[in-house]
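Please open the structure in your viewer and keep the sequence panel beside it, since this tour moves from one selection to the next. At each stop, select what is named and then compare the view with the text.

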Amino acid sequence: MYKYKILCQVGYICDEIYRCKGCRYEINRVKDSFYCKNTKDFERDGYRIMEKGNVLVIGNSGVGKSTLINAVLGEVKAKTGAGTEGTTKGLELYEGAELPFRVIDTIGFEPTFIKEQLAIHAVKKWSKDCAKKGKEDNQINVIWFCVDGTSKKLFPKAIQSLSRATSIWKSVPVIVVITKSYSVLEREENIEMVQNAFASQKKYSKNLKKIIPVVADTYRLNETAFAPPEGISELIDLTNEFMPEGLQAGFNDLARFKLERKRALAQSVVGASTVSAAIVGASPTNIADSLVLMPLEMAEINGIGMIYGLNNKEQLQKFKDSFVEVGAVTTTAKALISNLKNIPGIQIAGSVLNAIVAGSMVAALGEATIYAMEQVYLGKKTFDDIDWLKKLLESKLSQDLINRVVEIAKIVSKKGGKLEIKDIAQIITELFVSKK
């Protein structure tokens, strides 16, 4: 029996079989504590466990629901039946300990009458089963309509079928998520098309609360360009806002969760930038020339700044100027190449060596940028503190960087020195990004 004196609503502690003795509800774990899922409000070690709202995610297959759900929840900590045994057929239910709502994915939804009815039946059955078990949080509180931003011609038909499928929830707020919104220029047009599609079916239009273009994960446009994640924090904020008052997360709880998501999304930008830098480095070019990697580095800074909501061009320029003034690229590249060539046991081709150096420098810059953006986002620092920015960048592009590059070169050398560029970039990213 666990020694934690965690009580459920009817006053029993949790036992060793992960069931509450009092009400037989499933036991969840938060840090080193256990709590009964029938406990509405419990605090320990800074974590608050509360009754959660439910978000129904609906969209045609291939629209990017899974990527969206992963972006919102991050690492899925629990796949749960929310009071039922297992997962309801036709649905996948996800929740994280710190996210104030659970996500219900209507898997296999297609715009045909039979499949629409199967999706509706699955949600109804889940709701009824939860009610039988005594769960009060068994209602759909918010609906995400997912439409593909790369297939805007299908918007009217998709929204018509999604509206019909969710018509039983007559007053539930709807947020339209335009997934795969890679083209910034097309976003306004896409939003207008969604608005027109809702306006054409008046009985459903009153439920539409917001339209959000989203890029759920860093998307590579080509070998050296990418679209950074966008819209995830806004989606989390609005979903919480549209929840019934008793189900809304507190400001601090939501802020902590969003910060973790921003960090993870920023790290995906660093990963994409590292791959691009490694590709550039492997080509016949002089990476000690600061102009070679500069476009990638500026794009990386812009992408991370966008994730943290720091889009002020003047402020971002101060960060970029500090980076340029440090003179880090040329100096660091020459030092890295010189060091690696003189280390016994590292036998790799020059192109591979350049790929490692280029990728590592961009990864190090990304690591520094995430830290800087996070400090500014939290209000602890400002971009006006030029000395702080320079010291930060100098510290990240110093002996520690050289040591990491040597470690990467040794790993690649042990693997025969003939790895694909994407594999080299993966090694670099794991070594840099995984460190806090």
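**From strand β8 to Asp-148**

Before looking at the wider strand, select Leu-91 together with Thr-106, because a good starting point is a single pair: Thr-106 in β8 is the bridge partner of Leu-91. This is a predicted model, and that should be kept in mind at every stop.

Now widen the selection to strand β7, residues 91-95, and you will find that β7 runs antiparallel to β8, with four bridges joining the two. Next, add strand β5, which covers residues 53-58 and pairs with β8 in the parallel sense over five bridges. To see one of the places where β5 meets β8, pick out Val-57, whose bridge partner in β8 is Asp-105.

With these neighbours shown, select β8 alone, residues 101-106, which is mostly covered, six of its six residues being buried. Which residues of β8 point one way, and which the other way? Phe-101, Val-103 and Asp-105 point one way, while Arg-102, Ile-104 and Thr-106 point the other way, and all are buried. In a regular strand, the side chains alternate between the two faces of the sheet.

For the last stop, move to strand β9, residues 142-148, and select Asp-148, which lies in this strand. Asp-148 has a relative accessible area of 15% and therefore counts as buried, the cut-off being under 20%. Show its side chain together with that of Thr-150, and you will see the two joined by a polar contact of 2.6 Å. Leaving aside residues up to four places away in sequence, Asp-148 also touches Gly-62, Val-63, Phe-155, Thr-179 and Lys-180.

Terms used: Residues numbered from 1 in each chain as written. Predicted model: local features only at pLDDT ≥ 70, side-chain atom pairs only at ≥ 80, totals over all residues. Heavy atoms only, no water. Buried < 20%, exposed > 50% of the residue type's maximum accessible area, 1.4 Å probe, protein only. Pairing = 2+ DSSP bridges. Polar contact = N/O pair within 3.5 Å; in protein donor to acceptor, adjacent residues only side chain to side chain. Contact = heavy atoms within 4.5 Å.
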